[in-house]
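Hello,

Here is the structure I promised to pass on to you. Please open it next to this email, and my notes will follow below.

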Amino acid sequence: GGISAWCILTGRQPQFFAQSLKVILAVAIAVAPLQIFIGHLSAEQVSVHQPAKLAAMEALWETVPAETPAAWSVVALPNDKAEKNDWEFSIPGALSYILELKPRLDKPIQGLKAWEPRNRPHMVGLIYYSFRIMVAIGLFFAALIAVTTLQWLRGKLQGDQISQQRWLLRAWVFAA
């Protein structure tokens, strides 16, 4: 496998590779929650200082008034010309929790139609899906860290067993 070839080429043992992976995993366990927290703080800043960008990131065309729950669009097909989403799957009230950790908003969220077309972000679909891809990558990394930690606790990352975890090693190569 990949580790065997690596060991032959470098003359190192699988134990060295296993120890290296554990060091990387320990750092990732410490850094990943911090990244998620900083990402959330960044989103809060976008909602305060760049409301049009937030509206584009969420493909939100209509303003959501205060004291109402805001739905979170999981997936949609934004249509800039029609100023609406051609279709959308959303979770009712979820955006309220994401932004304010409450079921109802304290402040309204301005929709894209609150700005004249020349003053709002263009290519809403690109902004919308770029944001979702970024979040998906972050969730993939968090899941990979969690699964790898579980395998570590189960003793599957020992030098003599790590080469049997090909699916996990491939996931790390993909993540890199």
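What volume does the largest pocket have? The figure is about 970 Å³; please bear in mind that this is a predicted model. If you would like to find the spot on your screen, 32 residues line the largest pocket, and those closest to its centre are Gln35, Ile36, Gly39, Met134 and Val135.

Which helices build that lining? At least two residues each come from helix H2 (14–49), helix H3 (51–57), helix H4 (94–100), helix H5 (124–153) and helix H6 (166–175). H2 gives the largest share, with twelve residues. As for chemical character, the lining of the largest pocket is made up of 25 nonpolar, five polar and two charged residues.

Two of these helices are worth a look as a pair. The axes of H5 and H6 come within 11 Å and cross at roughly 150°. An angle over 145 degrees counts as roughly antiparallel, so H5 is roughly antiparallel to H6. The crossing of H5 and H6 is left-handed.

Now for the strands. Strand E1 (residues 72–79) pairs with strand E2 (residues 84–91) in the antiparallel sense, over six bridges. To check the register, look for valine 75, which stands opposite phenylalanine 89 in E2, and for proline 78, which stands opposite asparagine 85 in E2. The hairpin of E1 and E2 has four residues between the strands, and glutamate 83 takes a positive phi there, near 55°.

Happy to go through any of this with you whenever it suits.

Best wishes

Note on methods
Residues are numbered from 1 along each chain as its sequence is written. This is a predicted model: local features need pLDDT of at least 70, side-chain atom pairs count only at pLDDT 80 or more; totals for chains, interfaces and linings use all residues. Side-chain values use heavy atoms; hydrogens and water are left out. On a 1 Å grid over the protein atoms alone, a cavity is a set of points where a 1.4 Å probe fits but cannot get out, and a pocket is an open set with protein on both sides within 12 Å along at least five of seven lines; lining residues have an atom within 4 Å of a point. Grid points are joined across faces, edges and corners, and a volume is the space filled by probe spheres set on the points. Ala, Val, Leu, Ile, Met, Phe, Trp, Tyr, Cys and Pro count as nonpolar, Asp, Glu, Lys and Arg as charged, and the others, Gly among them, as polar. Two strands pair if DSSP finds at least two bridges between them. Axes are lines fitted to C-alpha atoms, for helices over the stretch in contact, and angles run from 0 to 180 degrees between N-to-C directions. Angles under 35 degrees count as roughly parallel, over 145 as roughly antiparallel, 65 to 115 as roughly perpendicular and the rest as oblique. A crossing is left-handed if the near helix is turned anticlockwise from the far one by less than a right angle, and right-handed if clockwise.
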